Amino acid sequence: MNDTYEIATLLTPKERKHLLALKETCVSLDAHQDYNLFDCTKTQIHPKHLGMYSNKFSPIAAEALEKLAAAARERKDIGLGATVAQYFLDYTEGGFTKFHTDDDASVALTMVTLLDEQDLEGGETVLQQVYEHKARPQHKYAKRDSDDGPYGQRIVPVVVPVDVGDTMIYDKGLMHGVAKVRKGLRTVLVTWYSSKTS
């Protein structure tokens, strides 16, 4: 169980613009539910799109994806392998991601880049972190079902401030989700990388 993550700015505005243009050349599917995703539009990136140099966006988009992969490979603690999956997600009104981990045997590292948001209300990145043991102050009471309390359990909701252009990097043990979008649009690029031992 890992509650750590990092936020980095890896892509330029131009690279983000070209990735958004790449998204428009790929096939999108509207999901009522896609496992942990609800009421989102998912757009898979297919390698053939990156090789189509008649599309003026492809070379810069391909360079941007390689830049993300290079940043992932710098994580020496994981020993990264291949890209497991890479897709865009559009969250519109009512869309959200339930709390989950990417605890899959093939996933070692997740990178989520916030490419764009338009008139967005809601849609925040949220985590559930572990409630650490601490002594109860004398002036506070505690009502519990057991004497042990919820120490060591993931019960602490945390909103992570992520700005357009930021990439959130975390391993498969992080409990995370996306709050329900009340209004507007939130577009992200999600990449899962395997470990060399996977």
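**Exercises on a buried aspartate, cores and cysteines**

The side chains of Asp 116 and Gln 118 are joined by a polar contact of 2.9 Å (N or O atoms within 3.5 Å, one able to donate a hydrogen and the other to accept it; residues adjacent in sequence count only if both atoms are side-chain atoms). This is a predicted model, where local features need pLDDT of at least 70 and side-chain atom pairs count only at pLDDT 80 or more, while totals for chains, interfaces and linings use all residues. Residues are numbered from 1 along each chain as its sequence is written, and side-chain values use heavy atoms, with hydrogens and water left out.

**Exercise 1.** Find which side chain of opposite charge is nearest to Asp 116.

*Solution.*
- Start with burial: Asp 116 is buried (under 20% relative accessible area, 1.4 Å probe, protein chains only).
- Next, the partner: the nearest side chain of opposite charge is Arg 16, 7.1 Å away.
- Asp 116 has no salt bridge (a side-chain nitrogen of Lys or Arg within 4 Å of a carboxyl oxygen of Asp or Glu).

**Exercise 2.** Work out how many residues the largest nonpolar core has.

*Solution.*
- Set the rule: buried Ala, Val, Leu, Ile, Met, Phe, Trp, Tyr and Cys residues are joined through side-chain atoms within 4.5 Å.
- The count is 23 residues, with Leu 19 and Tyr 193 among those having the most contacts inside the core.
- Another core, apart from this one, has 18 residues, including Leu 37 and Val 190.

**Exercise 3.** Explain why Cys 26 forms no disulfide (cysteine sulfur atoms within 2.5 Å).

*Solution.*
- The closest cysteine sulfur, in Cys 40, lies 17 Å from that of Cys 26, so it is too far for a bond.
- Overall, the structure holds zero disulfides.

Note on methods: Buried < 20%, exposed > 50% of the residue type's maximum accessible area, 1.4 Å probe, protein only. Lys, Arg positive; Asp, Glu negative; His and termini not counted. Disulfide = S-S within 2.5 Å.
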